[in-house]
Amino acid sequence: MKYEKVISGSIIEIIDKKDVAVIGIDGLGGAGKSTISETICNELENSAIHTILLHIDDFIHTKEIRYNSSYPEWQCYYELQWKYDYFIDTVKKLKHGINNEHEIELYDKDNDSYFTKSYSVKKRTVIVVEGIFLQREELQGIFDYMIYIDVPENVRMRRVLKRDTYIGNEQQIVDKYENRYFPAERYYFKKYAPDHTANYVIHN
């Protein structure tokens with residue numbers, strides 16, 4: 001059985017017991033979180049379950065905050081990147097705001113600013129959150145079910161070299177990942193062992 005069938009079956013069991021459920025799709029850079037989250041949302045929608053897909057990268061601080069030269073690059077990424085308080089408040093409002101329209105502030109990476117988007121919640125809604133570091137202590141208690149996508153670092157590097165051309169040439173991409181992203185990811189993986197604490201692990 002494909003992973004999406006197994007996961008959707010587990011999520012349906014949860015949603016049968018509550019009106020709104022929050023599902024996390026955790027994984028490190030280049031693991032394939034966006035593709036898998038869309039696949040799972042489609043599977044749930046085919047089972048007549050309303051889904052809302054949120055990206056943790058839509059809840060980040062502006063560059064002025066998250067690029068602070070007073071800290072090492074990896075520490076900026078790990079500690080200054082995300083607006084966790086706002087994200088948590090947003091998810092709680094969605095969970096407890098059935099039949100309401102919710103205006104959510106999201107990050108606009110092209111303009112380094114924010115815009116608002118409207119989301120509606122009804123009974124039997126699954127909020128799918130995809131992103132990195134979803135099992136860290138700041139987010140404990142938010143998720144009803146956690147998925148972790150386990151992909152070796154060397155495979156992910158090959159993927160981001162093709163994907164993240166906005167960073168620059170190949171060497172510039174490697175430098176950014178080695179200085180900013182990978183050290184933070186290694187720290188997270190060592191501290192939280194996300195491949196052992198998730199409800200379901202996909203080896204992608």
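Buried means under 20% relative accessible area, exposed means over 50%, and partly exposed lies in between, with a 1.4 Å probe and protein chains only. Keep that at hand for the exercises below.

The structure is a predicted model, in which local features need pLDDT of at least 70 and side-chain atom pairs count only at pLDDT 80 or more, while totals for chains, interfaces and linings use all residues. Residues are numbered from 1 along each chain as its sequence is written, and side-chain values use heavy atoms, with hydrogens and water left out.

**Exercise 1. Find out how well strand β5 is covered, and describe its two faces.**

Step 1. Strands are DSSP runs of E with at least two residues, and helices are runs of H or I with at least four, numbered from the N terminus. β5 covers residues 125–131.

Step 2. Count the buried residues: 7 of the 7 in β5 are buried, so the strand is mostly covered by the cut-off.

Step 3. Now sort them by face. In a regular strand the side chains alternate between the two faces of the sheet. One side of β5 holds Thr 125, Ile 127, Val 129 and Gly 131, and the other holds Val 126, Val 128 and Glu 130; all are buried.

**Exercise 2. Place β5 in its sheet and name its bridge partners.**

Step 1. Strands of a sheet pair through backbone hydrogen bonds, either parallel or antiparallel. Here, two strands pair if DSSP finds at least two bridges between them.

Step 2. Read the order of the 5 strands in this open sheet: β2-β5-β1-β6-β7, with parallel pairing. At the edges are β2 (50–55) and β7 (200–203), each paired on one side only. Neighbouring strands are turned against each other by 20 degrees on average, direction ignored.

Step 3. Look at β1 (residues 20–27), which is joined to β5 by 7 bridges. Gly 24 has Val 129 of β5 as its bridge partner, and Ile 25 has Glu 130.

Step 4. Turn to β2, which pairs with β5 in the parallel sense over 6 bridges. Opposite Leu 54 stands Val 129 in β5.

**Exercise 3. Describe how helix α4 packs on helix α7.**

Step 1. Two packed helices are described by the angle between their axes and the distance between the axes. The axes are lines fitted to C-alpha atoms, for helices over the stretch in contact, and angles run from 0 to 180 degrees between N-to-C directions.

Step 2. For α4 (residues 73–80) and α7 (residues 170–192), the angle is about 55 degrees and the axes are 7 Å apart. That makes α4 oblique to α7, because angles under 35 degrees count as roughly parallel, over 145 as roughly antiparallel, 65 to 115 as roughly perpendicular and the rest as oblique.

Step 3. The crossing of α4 and α7 is right-handed: the near helix is turned clockwise from the far one by less than a right angle, whereas anticlockwise would be left-handed.

Step 4. Contact means heavy atoms within 4.5 Å. Among the residues that meet are Trp 74 and Tyr 77 in α4, and Tyr 181 and Tyr 188 in α7. By class, this contact has 10 nonpolar, 1 polar and 2 charged residues. Ala, Val, Leu, Ile, Met, Phe, Trp, Tyr, Cys and Pro count as nonpolar, Asp, Glu, Lys and Arg as charged, and the others, Gly among them, as polar.

**Exercise 4. Describe the packing of α6 on α7 in the same way.**

Step 1. The axes of α6 (residues 153–163) and α7 come within 11 Å and cross at roughly 135 degrees. The two helices are therefore oblique to each other.

Step 2. α6 passes α7 in a right-handed crossing.

Step 3. The residues that meet include Arg 156 and Leu 161 in α6, and Glu 178 and Phe 182 in α7. The contact has 7 nonpolar, no polar and 7 charged residues.

**Exercise 5. Decide whether Thr 90, Asp 150 and Asn 99 are buried, partly exposed or exposed.**

Step 1. Thr 90 is found in helix α5. At 5% relative accessibility, Thr 90 counts as buried. Apart from neighbours within four places in sequence, Thr 90 is in contact with Phe 59 and Ile 104.

Step 2. Asp 150 is in strand β6 (residues 145–150). With 24% relative accessibility, Asp 150 is partly exposed.

Step 3. Asn 99 sits in the loop between α5 (84–95) and β3 (101–108). Its relative accessible area of 63% makes Asn 99 exposed. Asn 99 also has a positive phi of about 70 degrees although it is not a glycine.
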